[in-house]
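Visitor: Could you walk me through this one at an easy pace? I have some questions about the backbone, the strands and the aromatic side chains.

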Amino acid sequence: MTCGLPYVNGPMHIAHLRTYFPADIYVRYQRKLGRDVLFFCGSDTHGTPITVKAEEQGTTPERIAKQYHEHFRQIFPRLGIFFDNYGSTNDPVNHHRTRAIAMNLIENGYIYQKDVTLPHCPSCDRFLPDRYMEGTCPHCGTDARGDECDQGCGVYLEPGEILNPRCTICGTTAEYKETSHQFLKLTAFESFLKEFLERLGGTENARNYAKGWLKGGLKDWNITRNLDWGIPFPGSKDLTFYVWFDAPIGYIGSTEEWAERTGGDWEHYWKGPGRLIHFIGGDIVYHHCLFWPSMLKGAGYSVPDAVVASGMVKVEGHNFSKAGAMYSGSRTSTLRRVWTLTRSVITLLATRVTQETLTLAGKPTRPSSTRNSWAFWGTSYTGASSSRTGTMVRYPRVSSSPR
Ligand SMILES: [Zn+2]
Ligand SMILES: [Zn+2]
């Protein structure tokens, strides 16, 4: 079981809780049923949002990543969420696993090199990956970031796709320059993905979004960037992996760290009979339902059994992660108060999520057609573990032990 990795360019904000809380309930519930569940997470440390912030603040990406990694590592237990391991995508184990998966994909013929023409800033004298440029969305005409039409149609933008690109740092209009990049042959996975999405458990929004994109046709995926901060692409001097290549591999890296510490078998979960369940925010379905299963399949790993995607939290029409800047200074005490106040409300929402995903364990404890969620929870809990009724999941007082 994993939870989407928090991106460490800023502190936790309230919208983060929409993913971690249902996931935590699900894990506790499975454990009460006596199932062998491991819960992994970690910090997502690479990519341009961190490097742009570092340049603006005159510091290094490593320092920013380290600072917020510590913040997240400490805040989860204080909120009563206990992972079996909390890693970082910049840990040596993740560098190693990312290179190993890329080598598997190269050997199997799924990664190839291609010459591309990409935006380049003549004044900064460098290529402009992702957040280093802004421009116009080619799909809806809204102002967009280099990697995503974040306030328009929401589409993910491949390098070079954005129109009228200009440099985020100095504002200069970009010119185009030829360079070589590495591509994952996503188009080779089309029939696999069709079949995969049919049997994928979890929430409907994840499956339906992904099916929609699949219908629209896939394009091969540029998995490298001209950026120093990141995991170097094997054999290249100036390319690092795109953050969305090494970020989900962080789930495996975190499992490997747990295995090193406990003598456990990480391959049971990633190459063997173990089941993989991802809880994520609704904004990263594309990566978890298309890219990630293709990478795993192509490299010879197990693929996810379920993806549970929470909806976006919107404030005045803006995604909370944006508007959240207003709130993101919240100290733990504020978060904890909000956490406590909304717990009962979210439990109700999480019930729906968990009810859907329960069937993926192979042996649903109750018929999945059970209409009354509360009855479902009550009876399952009582039948599974004790005669105590009413409380599905007991939360320890903050800072106390998880089990
Ligand atoms: Zn520039
Ligand atoms: Zn758009």
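Guide: We can take the topics one by one, keeping in mind that this is a predicted model.

Visitor: Let's start with the three-stranded open sheet; what order do the strands have?

Guide: The order in that open sheet is β7-β6-β8, and the pairing is antiparallel. Strands β7 (143-145) and β8 stand at the edges with a single partner strand each, so one side of each has no neighbour in the sheet. From one strand to the next, the twist averages 30°.

Visitor: And how many bridges join β6 to β8?

Guide: Three bridges join these antiparallel strands, and among the partners are methionine 133 and, in β8, cysteine 167.

Visitor: Which residue in β8 has a positive phi?

Guide: That is asparagine 164, with a phi of about 50° although it is not a glycine, and it lies in strand β8, which covers residues 163-167. Most residues other than glycine have a negative phi.

Visitor: Is asparagine 164 buried or exposed?

Guide: Asparagine 164 counts as exposed, because its relative accessibility is 57% and the cut-off for exposed is over 50%.

Visitor: What about aspartate 130, where is that?

Guide: Aspartate 130 sits in the loop between β5 (126-127) and β6 (133-136). Its phi is also positive, near 45°, but aspartate 130 is buried, with a relative accessible area of 5%.

Visitor: Moving on to β4, which strands does it pair with?

Guide: Strand β4 (residues 111-121) is joined by ten bridges to strand β9 (residues 175-184), and the two run antiparallel; within that pairing, proline 119 has tyrosine 176 of β9 as its bridge partner. Two bridges also join β4 to β5, again antiparallel, and here histidine 120 is partnered by phenylalanine 127.

Visitor: What lies between β4 and β5?

Guide: The two strands form a hairpin with four residues between them, and aspartate 125 in the turn has a positive phi of about 55°.

Visitor: Switching to helices, where does α9 bend?

Guide: Helix α9 bends by about 30° at phenylalanine 291, and proline 293 follows within four residues. The helix covers residues 285-299, and its span of 21 Å from first C-alpha to last is close to the 21 Å expected.

Visitor: How many of the residues of α9 are buried?

Guide: Of its 15 residues 14 are buried, so α9 is largely enclosed by the rest of the structure. After the helix comes glycine 300, with a positive phi near 85°.

Visitor: Now the aromatics: how many pairs are there?

Guide: The count comes to 26 aromatic pairs. In one of them, phenylalanine 189 and phenylalanine 192 have ring centres 6.4 Å apart and planes at 75°, so the pair is edge-to-face. Phenylalanine 189 is buried at 3% relative accessible area, and phenylalanine 192 is buried at 10%. Tryptophan 221 and tyrosine 242 also form an edge-to-face pair, with 6.2 Å from centre to centre and 75° between the planes.

Visitor: Which parts of the chain does that second pair link?

Guide: It links distant parts, with tryptophan 221 in strand β11 and tyrosine 242 in the loop between β13 (240-241) and α7 (243-262), 21 residues apart. Tryptophan 221 is buried at 1% relative accessible area, and tyrosine 242 is buried at 3%. Both belong to one aromatic cluster, whose members include Trp213, Phe245 and Phe291 as well as Trp221 and Tyr242.

Visitor: What does asparagine 222 touch?

Guide: Leaving out residues up to four places away in sequence, asparagine 222 touches Glu158, Pro159, His181, Gln182, Phe183 and Tyr242. Asparagine 222 is found in strand β11 and counts as buried, at 2% relative accessibility.

Definitions and conventions
Residues numbered from 1 in each chain as written. Chains lettered and ligands numbered in written order. Predicted model: local features only at pLDDT ≥ 70, side-chain atom pairs only at ≥ 80, totals over all residues. Heavy atoms only, no water. Buried < 20%, exposed > 50% of the residue type's maximum accessible area, 1.4 Å probe, protein only. Pairing = 2+ DSSP bridges. Axes fitted to C-alpha atoms, helices over the stretch in contact; angles between N-to-C directions. Expected span 1.5 Å × (residues − 1). Bend = angle between axes of the 7 residues up to and from the residue. Contact = heavy atoms within 4.5 Å. Phe/Tyr/Trp six-rings, centres within 6.5 Å; stacked < 30°, edge-to-face > 60°.
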